[in-house]
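Biologist: I'm new to this one, so could you walk me through it? I'll ask, you explain.

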Amino acid sequence: MIDVDVLVIGGGMAGLVAARKTSETNLSTMVIATGLGSTILSSGTIDLLGYLDDEEVKKPLEKLNQFISRNPTHPYAIIGRERILEAFENFKEKYSSFIKYEGNLETNETLLTPLGLFKPTSLAQSSMIESTKENLENSKVLVIGFRNLINHVPALIAHSLKENWGIDADYIKLEGNETQPIQLAILLESHSDEITKRLNDLNPGDYDYLAFPPVLGIRHTTEILSELENNLGAKVFETMSFPPSVPGLRLQQLLEQPCTQNGVEIRLGWHATEIKTTKQGCQTNIIENDTKREISSKAIIIATGQIMRDEISVNGEKNFQDTINAQMFHYLKTDSELRLVSNGKSFENIFVAGSALSERNMIGLGTSLTTGYASALKVIKYLKEN
Ligand SMILES: Cc1cc2nc3c(=O)[nH]c(=O)nc-3n(C[C@H](O)[C@H](O)[C@H](O)COP(=O)(O)OP(=O)(O)OC[C@H]3O[C@@H](n4cnc5c(N)ncnc54)[C@H](O)[C@@H]3O)c2cc1C
């Protein structure tokens, strides 16, 4: 039987942020997950609040109180403004290795999407942050595509920039056999000089900006980007993308790296099926292929997401039980300590984080980041006191 202080069920943004935090306080922590979840599929940009009442939010911090008072069951309301700010600050300070996040909570950046539209967000990878509407207005933009790359149509982006926003934009398609963005990113990780060779004949220096799909490497994006800027004489950025997304993969790796460094074991393909809990601790049944395992822990953080959730039954003492079903958009209720609540009663040592907490259409990576961080603080406090 495996024995840890904290078991985190779910390996997306919420679970990995929580695991990093608990492992920093020397609590032995393990993360198990059936799969990679939705974090890796996301655009990798982190929204605090992108839209409110279907309207674009320009100043998310200004709108946060209004959002919280209108949505008292939303995780932001449960953890409160102060903790939200702390979680974002902690993320910007601590998650800065092979890729950095830029942006702030005061003003949303509006970044270029693969449809040639602009989407508001709070934090974006440094390779994407230049693609704001404000930067591109009054600029000349060359949208660059790759011949066989799926889900990226440079002509559409250039057309939309011109027609919808009056931005001077052209496009070209470079030769390339790779169809998948991740394949191309792996190739460019070591062969980005090929792009320089292919673009040099096209006078790239005549443009203010060169807009690439997000395929400029995985671990060496910053270096590739500045090398291209130096060689081509124009500013370079990556647009957002559809899934499967390279920025989503970068984010997933950025989140996993410090966990592994802190000694957190991350096990993929492990499905938690049942939790039995008493005041003394929790026993979790796991199925991995055909193998059954049991993990004993002092506390559990459930971070099983919203759209790729596998069922878990939760059994407390005296017929106190619940089922975390796999139904999409079924959200889990908690008390103010982020403890799982069933029929009005809280499970003492089971905490919840991430999009599993939130109703439909009211989630984003910001929810998972902030509640992952907050749930870890709750667990640390609980284990200190008990
Ligand atoms: C295509 C797409 C684009 C998006 N774009 C954006 C964006 O631009 N900006 C933004 O802010 N947000 C975006 N989002 C939303 C954001 O990605 C999610 O809200 C966030 O990633 C959820 O993180 P999470 O950790 O809560 O859950 P997930 O990342 O879904 O992780 C859930 C984890 O739990 C595991 N799991 C589930 N059940 C079990 C079980 N029984 N046993 C063990 N493991 C289990 C899963 O395998 C997975 O590892 C996007 C989402 C999608 C799908």
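Biologist: How many Å does helix α3 span between its end C-alpha atoms?

Modeller: Keep in mind that this is a predicted model. Helix α3 runs over residues 75-94, and a straight helix of 20 residues would span 28 Å at 1.5 Å a residue. Between its end C-alpha atoms, though, α3 spans only 23 Å.

Biologist: At which residue does α3 bend?

Modeller: The span of α3 is only 23 Å, where a straight helix of 20 residues would give 28 Å. A bend of about 85 degrees is found in α3, and its place is Arg81.

Biologist: Which elements are among those that cover the buried residues of α3?

Modeller: Start with the buried residues of α3, which include Pro75, Tyr76, Ile78 and Ile79. Ile84, Ala87, Phe88 and Phe91 are also among the buried residues of this helix. What covers them includes α2 (60-70) and α10 (365-385).

Biologist: How many Å separate the centres of domain 1 and domain 2?

Modeller: Domain 1 takes in residues 2-97 and 249-385, while domain 2 is residues 129-239. Taken over C-alpha atoms, the distance between the two centres is 36 Å.

Biologist: There's a ligand too. Which elements give two or more residues to the shell around the ligand?

Modeller: Around the ligand there are 38 residues, and the closest are Gly12, Gly37, Gly305, Gly354 and Gly364. Two or more residues of that shell come from each of these elements: α1 (13-24), β2 (29-33), β14 (271-278) and α10.

Biologist: And how many residues of that shell are charged?

Modeller: Sort the shell around the ligand by residue type: 15 are nonpolar and 20 are polar. The charged residues of the shell number three.

Biologist: Let's look at single residues. Is Ile350 buried or exposed?

Modeller: Ile350 is found in strand β20, residues 345-352. Its contacts beyond four places in sequence include Ile275, Thr277, Cys282 and Ile300. Count the other C-beta atoms within 10 Å of Ile350 and you get 27. A residue is buried at 20 or more, so Ile350 is buried.

Biologist: What is the C-alpha distance between Ile350 and Gly372?

Modeller: Along the chain, Ile350 and Gly372 are 22 residues apart. In space, their C-alpha atoms are separated by 13 Å.

Biologist: Is Thr39 buried or exposed, and why?

Modeller: Thr39 is in the loop between β2 and β3. It touches Gly12, Met13, Gly248, Leu251 and Gln252, leaving aside residues up to four places away in sequence. Because Thr39 has 25 C-beta neighbours inside 10 Å, it counts as buried.

Biologist: Which residues does Tyr207 touch, not counting residues up to four places away in sequence?

Modeller: Tyr207 lies in the loop between α7 (193-200) and β11 (209-212). With 22 C-beta neighbours inside 10 Å, Tyr207 counts as buried. Its contacts, with residues up to four places away left out, are Lys140, Val141, Leu142 and Ala234.

Biologist: What about Asp206, buried or exposed?

Modeller: Asp206 is also found in the loop between α7 and β11. Within 10 Å there are 11 other C-beta atoms. The cut-off for exposed is 12 or fewer, so Asp206 is exposed.

Biologist: Now the backbone. What is the phi of Asp53?

Modeller: Most residues other than glycine have a negative phi. Asp53 lies in the loop between β3 (51-52) and β4 (55-56), and it is exposed, with 8 other C-beta atoms within 10 Å. Although Asp53 is not a glycine, its phi is positive, at about 50 degrees.

Biologist: And what is the phi of Asp54?

Modeller: Asp54 is found in the loop between β3 and β4 as well. It counts as exposed, with 5 C-beta neighbours inside 10 Å. Asp54 is not a glycine either, yet it has a positive phi of about 65 degrees.

Biologist: Last one: is the peptide bond from Pro243 to Pro244 cis or trans?

Modeller: Pro244 sits in the loop between β12 (235-238) and α9 (246-261). Most peptide bonds are trans. From Pro243 to Pro244, omega is near -5 degrees, and the bond is cis.

How values were computed:
Residues numbered from 1 in each chain as written. Predicted model: local features only at pLDDT ≥ 70, side-chain atom pairs only at ≥ 80, totals over all residues. Helix = DSSP H or I, 4+ residues; strand = E, 2+ residues; numbered from the N terminus. Expected span 1.5 Å × (residues − 1). Bend = angle between axes of the 7 residues up to and from the residue. Contact = placed C-beta atoms within 7 Å. Domains from an automatic or database assignment. Near = placed C-beta within 6 Å. Nonpolar A, V, L, I, M, F, W, Y, C, P; charged D, E, K, R; others polar.
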